[in-house]
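I opened a fresh page for this model and kept the entries short. Here is what I looked up, in the order I went through it.

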Amino acid sequence: MTDADATAVRPGQVRGLRFAALLVGLGLLLTAAPVVAASPRSTDSDETAALRLLEDAARASRALTYSGTKYVAAWRPGGTSTSLVEVRHDPRGGLVMTASPTAARAADDDAMVLAAASLDRALLAVLGDVFALSIAGTGRCTGRDADVVEARRPTGTVAGRFWIDRDSRLLLRREVYDDAGHRVRSSAFLDLEMTPGSPVVTASAERRIGRDNGSPVDEQRLEQLRAQGWHAPTDLPGGFVLFEARSRAHGDDDEVLHLAYTDGLSTTSLFVQRGELGSEPPEGFVGRAVGDRPVWVHDGAPERMIWAGGERVWTLVSDAPDGATAAALQALPHDDLPDDGLRARLARGLSRLGSWLNPFA
Amino acid sequence: MTRACLGELLTALVDGALSHAERERALAHLTGCAGCREEVEAQRALKARLAAIAGTPAPPDSLVRSLRALAVPGTDPLARPFGPPQGAPVRPRGARPGGAAPPAAGPGRGPLGRLRRTSTVGGGLVALGVSAALLLGGAGGAPASTPVDPGSVDFVVDFVSTTSEVPLADPVGLTLSPPR
């Protein structure tokens, strides 16, 4: 056996290490010290201090050079999705995230590369508009002391918590809860290394996600689309506000409109296109009633839903808690799912027979 | 491969209802799928027969007379295509078995015979029509007529890209593994 053989990591070992890391991550998340309870009503000064802390964190996540491993989890009624994500960021190269990295995979293969973006203060302000913010206490994450900022709904229930590194101001951990207080999403650094001045995003990482995700739609164009029958609400129930609209052209006159909404904690994207829904759900989707709306659902994180309404076909992609997506469905046009029963088949067949017997009818 | 390969695209292809691009894709698939080729041929044959039925002109009187002349004297095969064989006893309405039939009510004639012929022909046509309608109605229903597959993963990629603009967002799009 050579030295290289001795130091090489076999795939089985990699899987074992990943599994152990997942267990450690889950354990850290579940056994973390409880946060000091905050008053449901935070004062203006509390709000200002909490919002300033979040601004610092958002700025640090864009200005610092760091790398590490994040544990990302989402809890849905259909099950739990978990992933280990290798994160590398530098201000010039942007953010590279590789899910479940393995020794056999090259560094930037299958990575999602997000271009360096400036902080959008308006989007951060949405968080403060929708939720009551406060500094809830202190905690620890990946061996670092952190300030904990809490976001509460108007009803007083906790909607989200942020662990912010006291030294670097980097966001170390984040959790989102549903109306009932159940944790629905969580992400946290398991290890983190700051390397100021040493770029960690290589030039080879050129495959930038979303580079071809259509062209921006401004407010004037959006009004035109609304006048043409496109339903594009400026907000959705639960404090979700429209923060971006894009359009992806197809063929001569087809397009898919992408409407993105956020409440500061979660994001919901609506993809709207002309057309009719087939009677069979796409692969991986199943029929289910969400609220009282029958839709095709793809469980996972993010969750996906498909339905038809207002002569358009809608695809919802969201990481929001179930209550928020159900409320969004209620606010959007909705038809029944296509019927593929005996009567529908007979009707289609008779229609085809009729058209064959008399093509001019 | 089964008909499910092309689904309703197949029937739309037979109907000539596909766009140029869809038609090209469907034809490309047919070159490699014997099952879909057979289904297309079967539907085209059925369509051709139905079109022929609808467009068949009435036979000229001379042909009818010639056919009548070929028949056995005293019989009229054109008048009773589904009638009972010659000489078979037909029990008229109200007559008992073994009883004498009225001379005027010959085999296959009279109200009962007409009713039976009508019922048989009508029932057969209805059954044929229902079967054909169910076959042509298909199990797949109408195809999704959208420029982009509404279940496309591209939408998730766009979602992740957009989510990254929200300050302090989770990289939740990377947990695309199915729930466990």
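**Entry 1: two loops with positive phi**

I began at A:Glu311, which sits in the loop between β17 (303-309) and β18 (312-318) of chain A. I kept in mind throughout that this is a predicted model. The phi of A:Glu311 is near 60 degrees, a positive value in a residue other than glycine. Is A:Glu311 buried or exposed? I found 13 other C-beta atoms within 10 Å, so A:Glu311 is partly exposed.

Next I turned to A:Thr142, in the loop between β5 (132-141) and β6 (144-152) of chain A. A:Thr142 is not a glycine either, and its phi is positive, near 45 degrees. I counted 18 C-beta neighbours inside 10 Å for A:Thr142, so I wrote it down as partly exposed.

**Entry 2: the chains in outline**

I then stepped back to the totals. For chain A I noted seven helices and 18 strands. Chain A has 361 residues, and 38% of them count as buried. Among its contacts with a separation of 6 or more, 59% join residues 24 or more positions apart.

What does the secondary structure of chain B come to? I noted six helices and zero strands, and along the sequence the pattern reads α-α-α-α-α-α. Chain B has 180 residues, of which 23% are buried. Of the contacts in chain B with a separation of 6 or more, 48% are between residues 24 or more positions apart.

**Entry 3: strand β9 and its partners**

I followed strand β9 (residues 183-194) of chain A to see what it pairs with. Strand β1 (residues 66-76) of chain A runs antiparallel to β9(A), and nine bridges join the two. Strand β8 (residues 171-177) of chain A is also antiparallel to β9(A), with five bridges.

Which residue in β9(A) is the bridge partner of A:Val72? I found A:Ser187. I also looked up A:Arg174, and its bridge partner in β9(A) is A:Ser187.

β8(A) and β9(A) make a hairpin with five residues between them. In the turn, A:Gly181 has a positive phi of about 90 degrees.

A:His182 lies in the loop between β8 and β9 of chain A. I called A:His182 exposed because 10 other C-beta atoms lie within 10 Å. Beyond its neighbours within four places in sequence, A:His182 is in contact with A:Trp75 and A:Tyr177. I also checked A:His182 against A:Ala159: they are 23 residues apart along the chain, and their C-alpha atoms are separated by 9.4 Å.

**Entry 4: two helices, seen down the axis**

I took helix α4 (residues 121-130) of chain A and listed its buried residues: A:Leu124, A:Val126, A:Leu127 and A:Val130. Seen down the axis of α4(A), the buried residues fall within an arc of 140 degrees, so they line one face of the helix. On the other side of α4(A) I found A:Arg121, A:Ala122 and A:Asp129 exposed.

I did likewise with helix α6 (residues 322-330) of chain A. The buried residues of α6(A) are A:Ala324, A:Thr325, A:Ala328 and A:Leu329. They line one face of α6(A), because they fall within an arc of 140 degrees seen down its axis.

**Entry 5: nonpolar cores**

Which residues touch the most other members of the largest nonpolar core? That core has 47 residues, and I wrote down A:Leu54, A:Ala57, A:Leu127, A:Val149, A:Phe162, A:Ile164 and A:Leu172. I had already met A:Leu127 among the buried residues of α4(A).

I looked closer at A:Ala57. Not counting residues up to four places away in sequence, A:Ala57 touches A:Phe162, A:Ile164, A:Arg169, A:Leu170, A:Leu171 and B:Leu168. A second, separate core of 29 residues includes A:Trp296, A:Val313, A:Ala328 and B:Phe155. A:Ala328 was familiar from the buried residues of α6(A).

**Entry 6: one more histidine**

I closed with A:His250, which belongs to strand β12 (residues 240-250) of chain A. I found 14 C-beta neighbours inside 10 Å, so A:His250 counts as partly exposed. Setting aside neighbours within four places in sequence, I listed its contacts as A:Glu255, A:Val256, B:Pro147 and B:Val148.

Methods
Residues numbered from 1 in each chain as written. Chains lettered and ligands numbered in written order. Predicted model: local features only at pLDDT ≥ 70, side-chain atom pairs only at ≥ 80, totals over all residues. Helix = DSSP H or I, 4+ residues; strand = E, 2+ residues; numbered from the N terminus. Buried ≥ 20, exposed ≤ 12 C-beta atoms within 10 Å, placed from the backbone. Contact = placed C-beta atoms within 7 Å. Core = buried A, V, L, I, M, F, W, Y, C linked by C-beta atoms within 7 Å. Pairing = 2+ DSSP bridges. Arc of directions from axis to C-beta.
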